[in-house]
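Me: Could you walk me through some ring contacts and a sheet in a model, step by step?
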Amino acid sequence: MRKLFAALMFCGLGAGFAAAQDQEVTSSTGGSLRVLDKLTGEVIDLELQTGETGRIGFLAVKLNQCRYPTANPSGDAFVEVQVSYRDDAAFAGWLIASAPALHAMDHPRYDVWALRCITS
């Protein structure tokens, strides 16, 4: 976490990250993710419950957690996912809806990013 914070400070994003780090969050029952197939240009939205896995071709996306700011439920989403392609791990970690490039999945065919948490 310190390395990430140092990198954000270097890029001038540290103040926003520090504020996000201090806010109270609430866990959700699920979330929405968007998947882009870079070969076909197809965009698919997945709405998954916590623990559920969505499949698109050889890509499998499992939603482990979705959290949102308690004071502003529509303000952001922090989504922990596990992504595999042809049963090989492609990505595991947190995606942040307001900063999709901050911790992005690096895959030659697919992009996956967080949209929002299910709050109702």
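Reply: Happy to! This is a predicted model. Let's begin with a charge over a ring: Arg86 lies over the face of Phe58, 3.9 Å from the ring centre.

Me: Which aromatic pair does Phe58 form?
Reply: To read ring pairs, look at the centre distance and the angle between planes; over 60 degrees counts as edge-to-face. There are two aromatic pairs by this rule. In one of them, Phe58 meets Tyr85 edge-to-face, with 6.4 Å centre to centre and 80 degrees between the planes. This pair links distant parts of the chain, 27 residues apart: Phe58 belongs to the loop between β4 and β5, and Tyr85 to strand β6.

Me: Is Tyr85 buried or exposed?
Reply: Buried means under 20% relative accessible area. Tyr85 has 19%, so Tyr85 is buried, whereas Phe58 at 47% counts as partly exposed.

Me: How are the rings of Tyr85 and Tyr110 arranged?
Reply: Their centres are 6.0 Å apart and their planes at 55 degrees, so this pair is tilted. Tyr110 sits in strand β8, 25 residues from Tyr85, and both tyrosines are buried. Together, Phe58, Tyr85 and Tyr110 make one aromatic cluster.

Me: What is the strand order in the sheet that holds β8?
Reply: For a sheet, read the order and then look for the edges. Here three strands form an open sheet in the order β3-β2-β8, with antiparallel pairing. β3 and β8 each have a single partner strand, so one side of each is left without a neighbour in the sheet. The twist averages 25 degrees from one strand to the next.

Me: How many bridges join β2 to β8?
Reply: Seven bridges connect these antiparallel strands, and Ser32 stands opposite Arg116 in β8.

Technical notes: Residues numbered from 1 in each chain as written. Predicted model: local features only at pLDDT ≥ 70, side-chain atom pairs only at ≥ 80, totals over all residues. Heavy atoms only, no water. Pairing = 2+ DSSP bridges. Helix = DSSP H or I, 4+ residues; strand = E, 2+ residues; numbered from the N terminus. Axes fitted to C-alpha atoms, helices over the stretch in contact; angles between N-to-C directions. Phe/Tyr/Trp six-rings, centres within 6.5 Å; stacked < 30°, edge-to-face > 60°. Buried < 20%, exposed > 50% of the residue type's maximum accessible area, 1.4 Å probe, protein only. Lys NZ or Arg CZ within 6 Å of the ring centre and 35° of its normal.
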